[in-house]
Amino acid sequence: MTSRRPDNFDGLGYRGREDTAFSGGYSGRSFNNSSSVDLQNWVTTPPDIPGSRNLHFDDRTPPFEAAPAAPGAQDTLPTAPPSEQLNRFAGFGIGLASLFTENVLAHPCIVFRRQCQVNYHARCYHLSPLTAVSVMYNVTKSQGPKALWKGMGSTFVVQGVTLGTEGIISECTPLPRELSHKWNPKQVIGHLVLKGLTYVVAMPFYSASLIETVQSEIIRDNPGILDCVKEGVGRVMGMGIPHSKRLLPLWGLMLPTVLHGVLHYVVSSTVQKLVLFLLRRRSPAKQPVDGSETVQTMLDAYFPELMASFVASLCADVLLYPLETVMHRLHIQGTRTIIDNTDLGFEVLPINTQYEGIRDCVNVIRREEGALGFYKGFGSIVVQYSLHAAVLQITKVIYSTLLKNA
């Protein structure tokens, strides 16, 4: 086969076209006019890729460099804000820290609070957080750390049942699951009816979870996570669990359970919206100018909602604490439950109450234990929300530092 390569072609300095962006400073061989005409038939121009140049021997490939900035451009370019991925990570981490504190870290306080509420024998009411922490330490010392985290799995089961039931009822009925900004009284009533029906369905499982959280670890077996579901179904069917004749029927527990759940939701939702409105009015949204203000703007977007939720839960728990005490005593009656002695933390006590209903329970507590009897274990709420506030503040400082250094 006859070669089509010209005699004067050496393959070193060919450039199919003059490129001013990359030709400066690099010597190249050029062909005469006659040879370049002959080469157009079989040589194509290489792609204009930075670094891929036909160089002479000992020449080095020029690095790719951006075009020089115009004079004065350094003064007008804003500082790059934190990456979107870091912002999402910060929001997820802050929310996760709040959920961890509410459901895991605060669970010992919830366990001790419920034990104090159902213990009508108790002489020490634990209205101060100091006495509550002292007895919680004694319980942990005598029974191990697991004694204050008992029943935590069942609380997640109850939350799952509540969310699932609410979703199913809202899909099968015209009852609204959420209220729009332009709500009317009919929508509010339907929304509260949906909440009430949800609490009715979850009530037997809540009762089984309550028993797991207050039952003493000394005489208690290691229950599984789904035992709460099995005991709740057994409570509805009236079989499978030994109960005494003092056990109240589920329809007798419906009024205090629904009343407490709906009132708690109304109070917490109202306080949350009010606090969120005040916080946003106090510090309106600002456009970020530099890195520090970007961090502050992002933190202001996350923390007002967490702070509003924190204040709303605190107000609802404090205002409805007496009703919660009555509800827990009615749920635990007749279940043959044995709890820890909340006066010392080293003994166990049986629960043998004989309340006939919500009105009788209120009258007996007021007559035999006084008005402060409705607030037994109130010091544990102080410990719980103090711990929650500390975790929120620490999380805010950590993420503020991370975002400023990003």
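## Helix H7 and a surface patch

Ile-189 sits in helix H7, which spans residues 185-214. In this predicted model, Ile-189 has a relative accessible area of 56% and is therefore exposed, the cut-off for that class being over 50%.

Ile-189 is also part of a nonpolar patch on the surface, where Val-193 and Leu-197 join it. Together the three residues have about 250 Å² of accessible area. As a general tendency, nonpolar side chains in soluble globular proteins are buried together.

## The chain as a whole

The protein chain has 406 residues, and 40% of them are buried. Its secondary structure consists of 13 helices and two strands. About 24,100 Å² of surface is accessible, and carbon and sulfur atoms account for 61% of that area.

Contacts between residues at least 6 apart in sequence were also sorted by separation: 81% of them join residues at least 24 apart.

## Nonpolar cores

The largest nonpolar core has eleven residues: Met-203, Leu-248, Leu-250, Leu-253, Val-326, Leu-330, Tyr-355, Cys-361, Val-364, Ile-365 and Phe-374. Three helices each supply at least two residues of this core, namely H9 (250-282), H11 (321-332) and H12 (358-368). The biggest contribution is that of H12, with three residues. Apart from this core lies another, of ten residues, including Cys-116, Ala-132, Met-136 and Leu-148.

Tyr-355 is one of the residues of the largest core. With neighbours within four places in sequence left aside, Tyr-355 is in contact with Leu-248, Leu-330, Cys-361, Val-364 and Ile-365, among others. These five belong to the largest core as well. The contacts of Tyr-355 also include Tyr-120, Arg-329, Gln-333 and Asp-360.

## The two sides of helix H8

Helix H8 covers residues 227-237, and its buried residues include Cys-228, Gly-232, Gly-234 and Arg-235. These residues lie on the same side of H8, because they cover an arc of only 160 degrees around the axis. Among the elements that cover the buried residues of H8 are helix H6 (152-172), H7, H9 and H11.

Lys-230, Val-236 and Met-237 are exposed on the other side of H8. Just after the helix comes Gly-238, with a positive phi of about 75 degrees.

Key
Residues are numbered from 1 along each chain as its sequence is written. This is a predicted model: local features need pLDDT of at least 70, side-chain atom pairs count only at pLDDT 80 or more; totals for chains, interfaces and linings use all residues. Side-chain values use heavy atoms; hydrogens and water are left out. Patches are made of residues with over 30% relative accessible area and no salt bridge: like charges are joined within 9 Å, nonpolar side chains (Val, Leu, Ile, Met, Phe, Trp, Tyr) within 5 Å. Accessible areas come from the Shrake-Rupley method with a 1.4 Å probe; for residues, only the protein chains shown count as cover. A salt bridge is a side-chain nitrogen of Lys or Arg within 4 Å of a carboxyl oxygen of Asp or Glu. Helices (H or I, at least four residues) and strands (E, at least two) are DSSP runs, numbered from the N terminus. Buried means under 20% relative accessible area, exposed over 50%, partly exposed in between (1.4 Å probe, protein chains only). Contact means heavy atoms within 4.5 Å. A nonpolar core is a set of buried Ala, Val, Leu, Ile, Met, Phe, Trp, Tyr and Cys residues joined through side-chain atoms within 4.5 Å. The arc is that of the directions from the helix axis to the C-beta atoms.
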